[in-house]
Structure formats: C-alpha cells, structure tokens
Amino acid sequence: MYYSTYGKPSKVSNPLMDKMVIFAADFLEIDETIEVDFEADFDDIAGFCDYDKEEGVTIGINPNLSRTEICKTLFHEMVHAKQYIKGELVSGIGRKPSRWLGKEVEADYMDLPWEREAYEHEAAMWAIFSTEILTSKLK
C-alpha cells in the first residue's frame, strides 16, 4: 500500500499519520493507493471519500478538526474506501440512487447501510487504536 498527503496540518505528525493509515488499511484489508487531502473545500463536512479504479482512493479530511476527530474521520472514510474497492458501494450519479450490495438505496443519512457500517467500524478502530496502538508520546 502506498499513501500520500496534501496540506496535512502540523498537529498531525508524520509518525501519527503513518500509524493511522497503516492501521486502518490493515484492519480493513485495503491494498490500494490512497491520497489523503487536507486542502479540499469542506464547508461543514468532516471528510469525504472518492474512488476511481485508475487513480485509487482520495480521502479528504477537514484540517480544522481536532487531532482525535481527524483520526476518527480518516477511519470512517477508509471504511468507505473499502466499500468502493470491494464493490459493496456504488455511488449514485445524477438522479440515480447509490447501490449497496447490488441494490438501490435511498434513505436518511444515518439510515444508509454504508454509513451505519462506517460508523461501526470507525468506533471499533478508534477503540483499538486509541488504547493499544498510540503511544503516550503521540497522543
């Protein structure tokens, strides 16, 4: 797996970024090129994930978040990366709804199955990462 970052805020050290990305990729069994972009326009969102078979994964993270929220957002968006890569999630285009496991889905945000999975895995990853992987020096 290869990853790169753009515009990473100084509150996230390079060793911490490495640990976060490698942990999430291992946890989710992702072996794709990943670009983590802190320079995109975010307005009121914490992050996003885009996937292109040729270009790989682009994850955008709002740099104004706290270090903890940056980590959690990365974990959440990495779940979406896994969903795209494995074909579980296909984003809707135009007026077409997104597809989850081959079925069209239209629901409120928190009722979307890919969001429920992302929040569940985000919480599980954070529980492990924050207690077993982070050293006191990186906290």
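1. A good place to start is the surface: Tyr109, Met110 and Tyr119 together make a nonpolar patch of about 310 Å². Please keep in mind as you look around that this is a predicted model.

2. Where does Met110 sit along the chain? Met110 belongs to the loop between strand 7 (103-105) and helix 3 (113-133). Met110 counts as partly exposed because its relative accessibility is 49%, and the partly exposed class runs from 20% to 50%.

3. Next, the charged side chains. How many salt bridges are there? The count comes to four. One of them joins the side chains of Glu88 and Lys82, with 2.9 Å from N to O. Glu88 and Lys82 are both buried.

4. Lys82 is worth a second look, as its side chain also meets that of Glu117 in a salt bridge, at 3.1 Å from N to O. This pair links distant parts of the chain: Lys82 lies in helix 2 (residues 67-85) and Glu117 in helix 3, 35 residues apart. Like the previous pair, Glu117 and Lys82 are both buried. Taken together, Lys82, Glu88 and Glu117 are linked in a network of salt bridges.

5. Another salt bridge is formed by the side chains of Glu104 and Arg99, at 3.7 Å from N to O. Is Glu104 buried or exposed? Glu104 has 54% relative accessibility, so it counts as exposed. Arg99, at 34% relative accessibility, therefore counts as partly exposed.

6. Now for the rings. The count comes to nine aromatic pairs. Among them are Phe75 and Phe129, an edge-to-face pair with 5.3 Å centre to centre and 80 degrees between the planes. This pair links distant parts of the chain, with Phe75 in helix 2 and Phe129 in helix 3, 54 residues apart. Phe75 and Phe129 are both buried.

7. Trp100 and Trp114 form an aromatic pair too, here a tilted one: the centres are 6.2 Å apart and the planes make 50 degrees. Distant parts of the chain are linked by this pair as well, since Trp100 is in strand 6 (residues 98-100) and Trp114 in helix 3, 14 residues apart. Trp100 is buried, and Trp114 is buried too.

8. Finally, which residues form one aromatic cluster? They are Phe23, Phe27, Phe75, Trp126 and Phe129. Phe75 and Phe129 will be familiar from the edge-to-face pair above.

Notes: Residues numbered from 1 in each chain as written. Predicted model: local features only at pLDDT ≥ 70, side-chain atom pairs only at ≥ 80, totals over all residues. Heavy atoms only, no water. Patch = residues over 30% accessible without salt bridge, like charges linked within 9 Å, V, L, I, M, F, W, Y side chains within 5 Å. Areas by Shrake-Rupley, 256 points an atom, 1.4 Å probe, with all protein chains shown as cover. Helix = DSSP H or I, 4+ residues; strand = E, 2+ residues; numbered from the N terminus. Buried < 20%, exposed > 50% of the residue type's maximum accessible area, 1.4 Å probe, protein only. Phe/Tyr/Trp six-rings, centres within 6.5 Å; stacked < 30°, edge-to-face > 60°.
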